[in-house]
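Work through the exercises below with the sequence and the model side by side. Try each task before reading its solution.

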Amino acid sequence: MEIITIKTTKKTELIDITSDVERVLPHKDGICILFNPHTTAGLIVNEGADPSVKEDILAIFSQLAPEKYPYKHLEGNSPGHIKSSLTGPTLILLVEKGKLLLGTWQRVFFAEYDGPRNRKVYVKFMEG
């Protein structure tokens, strides 16, 4: 298993980690499992060519889980917990010769919802 470390710089952001993931994969065919061990962050696959897609995703998530709401969780990061529930902590991706099998415009993103922070993603490769 490999670990990718990520230093986020904003309260909410989508960080393209595709190259980081591929860097730790062996030059083989198989399955890549990504796991984010943080309760206020997530993992998604989406378009990486147009940066406005990331902006739109984060804008809609902010409407779904606004900062100002009478949350019962008092740490002040309830919106991050809710957003991470929408995206989830895990991705399972196909790998061919060490490269992720993604669509033409697809990229893998780490989704920060309670930054800035130091984060990590576990990468497990299974040959097959």
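The exercises that follow go from the whole chain to single residues.

This is a predicted model, in which local features need pLDDT of at least 70 and side-chain atom pairs count only at pLDDT 80 or more, while totals for chains, interfaces and linings use all residues. Residues are numbered from 1 along each chain as its sequence is written, and side-chain values use heavy atoms, with hydrogens and water left out.

**Exercise 1. The chain as a whole**

Task: Establish how many helices and strands the protein chain has, and whether its radius of gyration agrees with that of a compact globule.

Solution: Begin with the secondary structure, where helices (H or I, at least four residues) and strands (E, at least two) are DSSP runs numbered from the N terminus. The protein chain has three helices and eight strands, and along the sequence they follow the pattern β-β-α-β-β-α-α-β-β-β-β.

Next, take the radius of gyration, which is computed over C-alpha atoms and compared with a globule rule of 2.2 Å times the number of residues to the power 0.38. For 128 residues a compact globule would have a value near 14 Å, and the 15 Å of the protein chain agrees with this. The C-alpha trace spans about 50 × 30 × 20 Å along its principal axes.

Finally, consider burial and contacts. Buried residues (under 20% relative accessible area, against over 50% for exposed and in between for partly exposed, with a 1.4 Å probe and protein chains only) make up 41% of the 128 residues. Of the contacts (heavy atoms within 4.5 Å) with a separation of 6 or more, 83% are between residues 24 or more positions apart.

**Exercise 2. The open sheet**

Task: Work out which strands stand at the edges of the five-stranded open sheet, and why one side of each is left without a neighbour.

Solution: First write down the order of the open sheet, which is β1-β8-β3-β5-β6 with antiparallel pairing; two strands count as paired if DSSP finds at least two bridges between them. Because β1 (2-7) and β6 (99-100) each have a single partner strand, they stand at the edges, and one side of each has no neighbour in the sheet.

Then follow β1 to its partner: β1 and β8 (residues 118-127) pair in the antiparallel sense over six bridges. Within this pair, E2 lies opposite V123 in β8.

**Exercise 3. The partners of β7**

Task: Determine how many residues of β7 are buried, and how many bridges join β4 to β7.

Solution: Start with burial, since β7 is mostly covered, with five of its seven residues buried. One pairing is with β2 (residues 13-16), which runs antiparallel to β7 over four bridges, and here L14 has A111 as its bridge partner in β7. Another is with β4 (residues 41-47), joined to β7 by seven bridges, again antiparallel, and in this case F110 of β7 is the bridge partner of L43.

**Exercise 4. Backbone angles in the loops**

Task: Find where P116 and K97 lie, and what is unusual in their backbone.

Solution: Keep the general rule in mind, that most residues other than glycine have a negative phi and most peptide bonds are trans. P116 lies in the loop between β7 (106-112) and β8, and the peptide bond joining G115 and P116 is cis, with omega at about -5 degrees.

K97 belongs to the loop between β5 (90-96) and β6, and has a positive phi of about 50 degrees although it is not a glycine. Its side of the picture is completed by a relative accessibility of 53%, at which K97 counts as exposed.

**Exercise 5. The buried face of α3**

Task: Identify what the buried residues of α3 pack against, and which residues P79 touches.

Solution: List the buried residues of α3 (residues 78-87), which are S78, P79, G80, K83, S84 and T87. The buried residues of this helix pack against β4 and α2 (51-64).

Now turn to the single residues, not counting residues up to four places away in sequence. S78 counts as buried at 7% relative accessibility and touches Y71 and H73. P79 counts as buried at 3% relative accessibility, and touches A65, P66, E67 and Y71. Just after α3, G88 takes a positive phi of about 85 degrees.
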